[in-house]
Each structure stands twice: as structure tokens, then as C-alpha cells.
Amino acid sequence: MSFKDKIVIVTGSANGIGKSLVKTFLSEGSIVFSTDINFIDKKISDNHIQKKCDVTSEEQINKLIELILEQYQRIDIFCSNAGILSLGDEGTSNDLWKKNWEIHLMSHVYICRRILPQFKKQGFGHIIITSSAAGLLTHIDSVSYSVTKHASVAFAEWIAISNKEFGINVSVLCPQAVKTNMTVGREEDIATIDGMLEPDEVAKEVLKGIREKTFLILPHTQVLKYMKNKTESYDKWISGMQKLKEKIKKSK
Ligand SMILES: NC(=O)c1ccc[n+]([C@@H]2O[C@H](COP(=O)([O-])OP(=O)(O)OC[C@H]3O[C@@H](n4cnc5c(N)ncnc54)[C@H](O)[C@@H]3O)[C@@H](O)[C@H]2O)c1
């Protein structure tokens, strides 16, 4: 599969993984709409179009998609990637819970609500939802991130199951630690035990996943082993995580 002239949208792409996705698609000859709540980045080439878009606003998402369709009459690939990380337990404020929910679940719902009818009309289209290894396992220091990233995996599963017959492909990206603004100052974090990847390495894995039509994109391959451990014996997995949390608490 060639990415040349493919119409690609990436949300949350002013920084980190999103920015690397934009660069990688552009290097393959795609026409890329880079969107973020905060901009502005340097335009990389004529095929690089930057638009402000807050993914918690269904209106802004709809406007963005309409604008692209007016110009190109199709969209090939949508990377729903924007995300935030707020550390904390159940005492996390309601505002932060809602923000996590809006960004990590509802943004994907808004995007799919608008893009899936278009993909069905086209008879093709690939949506990539950026979740996290925390969406399959957990994030030991953030309950709001863990829960809402689980929700994004569940949403991606459902969308994948329900749309194959229309020629629509769905992937969910679940990395562990990646060197971005999100992990600055957390380089000693538990999630970094398996090593931190560069965002460019993650972007390459995403393009490979799209080529191979893989549902689960796991740039850190160990995550699959941890998933297997979790499903093989949930109690053992919970007890292992409890010990790990205790160990981290003592070391702080
Ligand atoms: N860095 C990691 O270790 C890691 C690991 C697993 C998953 N992820 C996920 O990868 C995705 C990208 O994160 P990153 O590591 O590149 O972090 P990052 O902070 O570098 O980039 C996130 C981008 O999302 C944007 N954003 C935040 N809220 C937004 C909103 N409402 N609307 C539009 N854009 C918004 C930010 O402005 C920022 O540019 C996130 O979904 C994150 O949860 C990151």
C-alpha cells in the first residue's frame, strides 16, 4: 500500500507522537491535515495543512471534516491522537475527570459519528485511535487516564467489529512510554522500565499497522505478554501490580 496522495488527518499533532505522524505521512507523499488545540508549528511542505481544532468540540470536528471534504471529496486516514495526562486517584477533580473523558473517549465518538458515514460512502477508510498500554493494562499513577484509555480501546473494538463490511479498517495504538512532553520529568516512571521510544519510531509502527491492517498496534511488544498475563490470571496480575505500586511508593 502506498501513502502517496492519501488524505490524512492527525489530531493533537502540534507535538509528540502526532507531530511525528504528520512528518512520516508527509515523507511518504500524503496530503496531511495537522490539527491541534494549540498551534502553530512550521509548515513542512505544500502538502502540510495546519488547522486549529479542539477535539472536545463536536462542532469544530464537523467543521474540520466538512472543510477537507469540500476541498478533496474524500478522507483516507484519520488519526484520532490528541491526549492529556493528569496524575491522581479517585479524588481527581470532576473537571479533570470530565476533561479526560471528553478527550479520551468523546472525541473519538464525535470523529466516528462524522467520518464513518463518509467512509461508508467511499467504501474505504482507516481510523487509528491512539489509546495507550494503560488502556489495556493500567497506569499506576493515574486512575482517570487508565479508565478513559480503557474506554477508548473498548470503543475502537466496537467500531472495528461493526464496520468491516463497509471496507473500513480500525486500529488502536497502545504504546508504553514515549519521549514526548507527556513524559517529561517522568523518565524514572514505572512505564519506562521497558524503555522509552522516540515518537518517530511509534509513527513508523503506525504506518506499518495501517499497511498490514492490524487492529492492535503495539510499539512495545512486551505489552502483549502483559495482556496475556492479565487474562491468564487476573488475581495474580492484580497482586503483581499491588507489589509494584508498594515498591514504587517505598522508593520515593
Ligand atoms: N507519551 C507517551 O508515553 C504515551 C504513551 C501512550 C499513549 N500516549 C498517547 O499518545 C497521544 C499523543 O500524546 P503525546 O505523548 O504525543 O503527548 P504530547 O503532549 O506531546 O501531545 C499531545 C497533543 O495533544 C494536544 N491536545 C490536548 N488536548 C487537545 C484537545 N482538546 N484538542 C486538540 N488537541 C489537544 C496537545 O496540545 C498536544 O499537542 C495521546 O493520546 C497520549 O495519551 C502517549
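Colleague: Why is K213 called exposed?

Modeller: In this predicted model, K213 has 12 other C-beta atoms within 10 Å. The label exposed applies at 12 or fewer, so K213 is exposed. You will find K213 in the loop between α5 (199–212) and β7 (216–217).

Colleague: What makes the phi of K213 worth pointing out?

Modeller: Phi of K213 is near 55°, a positive value in a residue other than glycine. Most residues other than glycine have a negative phi. D5 also has a positive phi, near 65°, and D5 lies in the segment before β1 (7–11).

Colleague: And how do you know whether D5 is buried or exposed?

Modeller: By counting again: D5 has 12 other C-beta atoms within 10 Å. Buried would need 20 or more, and exposed needs 12 or fewer, so D5 is exposed.

Colleague: Let's turn to the helices. Why is α3 called roughly parallel to α4?

Modeller: The axes of α3 (residues 94–122) and α4 (residues 143–163) cross at roughly 15° and come within 8 Å. Angles under 35 degrees count as roughly parallel, so α3 is roughly parallel to α4. The crossing is right-handed.

Colleague: Which residues meet there?

Modeller: Among them are L96, W97 and L105 in α3, and Y145, F155 and I159 in α4. By class, this contact has 11 nonpolar, seven polar and one charged residues.

Colleague: Which residues come nearest to the ligand?

Modeller: Of the 27 residues around the ligand, those are G12, N15, G16, G83 and T180. The shell has 11 nonpolar, 14 polar and two charged residues, and helix α1 (residues 16–27) gives the largest share, three residues.

Key. Residues numbered from 1 in each chain as written. Predicted model: local features only at pLDDT ≥ 70, side-chain atom pairs only at ≥ 80, totals over all residues. Near = placed C-beta within 6 Å. Helix = DSSP H or I, 4+ residues; strand = E, 2+ residues; numbered from the N terminus. Nonpolar A, V, L, I, M, F, W, Y, C, P; charged D, E, K, R; others polar. Axes fitted to C-alpha atoms, helices over the stretch in contact; angles between N-to-C directions. Parallel < 35°, antiparallel > 145°, perpendicular 65-115°, else oblique. Left-handed = near helix turned anticlockwise from the far one by under 90°. Contact = placed C-beta atoms within 7 Å.
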